[in-house]
2 protein chains.
Amino acid sequence: MMTSADRETASHDAAEAARAVPDVVTDASGDPLAQAAELGAGAPVLAFDVGGTDIKSALFDADGAMLGLRRTPTPEPGADLPVRLVARLVELGAQLREEHPGVDPVAVGLVVPGIVDEVAGVGVFASNMGWRDAPIRALAEEAFGLPVAFDHDVRTGGWAEHVLGGARPYPDSIVLIIGTGIAGALLLGGVPFTSGGYAGEVGHSPVADEPVCACGARGCLEAIASAGAIARRYTARTGVPVEGAKEVIAFAGAGDEAAAAVWDEALDALALSIAQLTAVIAPQAVVIGGGLSRAGGALFDELRTRLRARLSFHRLPELVPAQLLGNAGILGAALRARSLG
Amino acid sequence: MMTSADRETASHDAAEAARAVPDVVTDASGDPLAQAAELGAGAPVLAFDVGGTDIKSALFDADGAMLGLRRTPTPEPGADLPVRLVARLVELGAQLREEHPGVDPVAVGLVVPGIVDEVAGVGVFASNMGWRDAPIRALAEEAFGLPVAFDHDVRTGGWAEHVLGGARPYPDSIVLIIGTGIAGALLLGGVPFTSGGYAGEVGHSPVADEPVCACGARGCLEAIASAGAIARRYTARTGVPVEGAKEVIAFAGAGDEAAAAVWDEALDALALSIAQLTAVIAPQAVVIGGGLSRAGGALFDELRTRLRARLSFHRLPELVPAQLLGNAGILGAALRARSLG
């Protein structure tokens, strides 16, 4: 028979177990989101990673445990999206607080895509959100009645990868997130280096004379070597539609010449870009995440071999897989929110 | 008739005048060395900038005035060059101290070419000096009986350009010295960023698939766009020997097609490399010095136009001429020596 003390213990154990196992949510590629990395002790915060199609939200407690992580749809684009979005975030926050009544967040972390002025708290432009110069931080602070840390999604995710993930052992490291596009984040001397938000645009660093990139420049790395570009370039050459880079890499492995050429050009462009980073910045590590890093095809081995072939006396960086996967953005948002406390 | 007091005043004035006008010494290209920039008040130090053919030496007083700047030949290469070189530096130091008896240096700054481990105080390798793993700092400290700041010549010159010269207004800036080779130095957040001595190798950052560079890698910027490469590539295409890039640029201006092609390729490679630096590091300024920056041919205008054409949303850096010219190395050596005090 269970005593009242036993019941309390069991209930405590269940709460502990619930806390130890974060919700399993899959990311866009169907992979499960990573387990929460150790955020460590600190202030309880709410965190939101807003994307073009969905919002990831969670509550972080004083031990750093990620509670109630969930993925819900982003409101439809439209003129008043910033206001509707913030209203939706407040609803999500209220749900999370209701489910975890013992956790009282003191700040909010919010990251969004596009061009972000994190100093002014403004979403300058985001093609998939359709906003321009949206004062999102001010709207969110008003609606939540809490201080809000506001930043760029991938830059913040890169920073989380530096603090909590694959880049942790390396004070000088560069995170590359290779997915639809290619984003970068620099950690130099243990400190994020942003140059007012302009640094880290490795994806829009030109490495060739063509093709013309969506940004308007020519030969950007992203236009050759992102997962998006690999799929697009294969279809352009063959007329065969594909779901993504993973399929092209599989075709290349099965002897499809066009697929092999597209994949080979992407690897060469990535190796050239990492060679340039090595010569100029000499990071101890380049941490690679995003869809392409999980797309198979021995990416890391290929890059190591090609990087070595492009350089001579230089000090080669470690090439390390990112660890936080789909959770980098929300973990970074939580870290940013805590830094307000 | 001159009184004794008048005589003292005249003598004082003459000493002042001598101090205000540093010796005029020409650099390798025949240009006069720059006037001493404001080093500011600090400890008196001896400074030496050792090159493959000559040594620049000077004494800096407590006001930061550069005294007795001179250029003398480097001892001949050979197995014991480090020892003979240090003995020569001690002689030069003794001369300078004898000529300026009121100035008592408390430290020595010494910069040398090649691969330099400034932490260990070792000249790791220098092809034009013929040394390997030479413990130059220890030799110099023993011979001078003073603390010695030891570093790489161009890196130190770049740092002086950050502190005293053209890069001074920009906490995030990159100095490129384009001469026989291309050297770079990064100042990020107001602090030199060296990554243990490996960072800043903009000259050995690959920007193309060819030619093979002297370093063993392919398509290094230096192999296409250094003053040395411009002269070499022109001669290789035409069989016509030239003294340097200045001549090739003049030929290009006079309608020589081979010269125009070589110069055009150099400008394109430089613009591409600066475009990459802009995307990844986003410096506020790129400061360009060395022989090529004084070789005519509207270098800065050409680079600005081509840089703009290679980029889109990026924040373009100011392109600024270096100010310290041939004195950057010795001024940097003096700054480094003072930082020991």
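# Salt bridges, the chain interface and two helices

B:Arg218 has a relative accessible area of 31% and is therefore partly exposed. The model in which this residue is described is a predicted one. The side chain of B:Arg218 meets that of B:Asp209 in a salt bridge, with a distance of 3.5 Å from N to O. B:Asp209 itself counts as exposed, because its relative accessibility is 53% and the cut-off for that class is over 50%.

The residue at position 209 of chain A also takes part in a salt bridge, here across the boundary between the chains. A:Asp209 pairs with B:Arg310, and the closest N and O atoms are 3.1 Å apart. Across the interface of chain B and chain A, two salt bridges are found by the rule. Polar contacts are found there as well, in 20 residue pairs. On chain B, strand S10 (182-188) and helix H8 (257-280) each contribute at least two residues to the side that touches chain A. Helix H8 of chain B gives the largest share of that side, namely six residues. By class, the residues on this side of chain B comprise 20 nonpolar, nine polar and six charged.

How many residues does each chain bring to the contact? Chain B provides 35 residues and chain A provides 35 residues. The size of an interface is often expressed as the accessible area that is lost when the parts come together. For chain B and chain A, about 3,000 Å² is buried between them, and 60% of this lies on carbon and sulfur atoms. Of the area that chain B buries against chain A, 22% comes from B:Val280, B:Arg310 and B:Phe313, more than from any other three residues. B:Arg310 is thus named twice at this boundary, as one of these three residues and as the partner of A:Asp209.

Helix H8 of chain B also holds B:Gln276. This residue has a relative accessibility of 6% and so counts as buried. Leaving aside residues up to four places away in sequence, B:Gln276 touches A:Ser205, A:Pro206, A:Val207, A:Gln276 and B:Val207.

Within chain B, helix H6 (residues 227-238) has 12 residues and reaches 17 Å from its first C-alpha to its last, close to the 16 Å expected at 1.5 Å a residue. Its buried residues are B:Ala227, B:Gly228, B:Ala229, B:Ile230, B:Ala231, B:Arg233 and B:Tyr234. These pack against strand S9 (173-178), helix H5 (222-225), helix H7 (245-253) and H8 of chain B. Just after helix H6 of chain B comes B:Gly239, with a positive phi of about 75°.

Helix H10 (residues 328-340) of chain B has 13 residues and spans 19 Å between its first and last C-alpha, close to the 18 Å expected at 1.5 Å a residue. This helix is mostly covered, with 11 of its 13 residues buried. Among the buried residues are B:Ile330, B:Leu331 and B:Leu335, and also B:Arg336 and B:Arg338. The elements of chain B that cover them include strand S1 (45-50), strand S2 (54-60), strand S3 (66-73), strand S4 (107-112), strand S8 (148-152) and helix H4 (153-163).

The salt bridges can next be followed into chain A. Side chains of opposite charge can pair when their charged atoms come close. Over all chains, a search of the whole structure finds 32 salt bridges. One of them joins A:Arg70 to A:Glu99, whose closest N and O atoms are 2.6 Å apart. A:Arg70 belongs to strand S3 of chain A and A:Glu99 to helix H2 of chain A, so the pair ties together parts that are 29 residues apart in sequence. Is each partner buried or partly exposed? A:Arg70 counts as buried because its relative accessibility is 17%, whereas A:Glu99, at 42%, counts as partly exposed.

In a further pair, A:Glu118 forms a salt bridge with A:Arg155, the closest N and O atoms being 3.1 Å apart. This pair links distant parts of the chain, 37 residues apart: A:Glu118 lies in the loop between strand S5 (115-117) and strand S6 (122-126) of chain A, and A:Arg155 in helix H4 (residues 153-163) of chain A. Both A:Glu118 and A:Arg155 are buried. A network of salt bridges links these two residues with A:Asp151 and A:Arg336.

Finally, A:Asp80 is found in the loop between strand S3 (66-73) and helix H2 (81-99) of chain A. With a relative accessible area of 41%, A:Asp80 is partly exposed. A:Asp80 and A:Ala134 are separated by 54 residues in sequence and by 9.7 Å in space, C-alpha to C-alpha.

Note on methods:
Residues numbered from 1 in each chain as written. Chains lettered and ligands numbered in written order. Predicted model: local features only at pLDDT ≥ 70, side-chain atom pairs only at ≥ 80, totals over all residues. Heavy atoms only, no water. Contact = heavy atoms within 4.5 Å. Buried area = accessible area lost by both parts, 1.4 Å probe. Salt bridge = Lys/Arg side-chain N within 4 Å of Asp/Glu carboxyl O. Polar contact = N/O pair within 3.5 Å; in protein donor to acceptor, adjacent residues only side chain to side chain. Helix = DSSP H or I, 4+ residues; strand = E, 2+ residues; numbered from the N terminus. Nonpolar A, V, L, I, M, F, W, Y, C, P; charged D, E, K, R; others polar. Buried < 20%, exposed > 50% of the residue type's maximum accessible area, 1.4 Å probe, protein only. Expected span 1.5 Å × (residues − 1).
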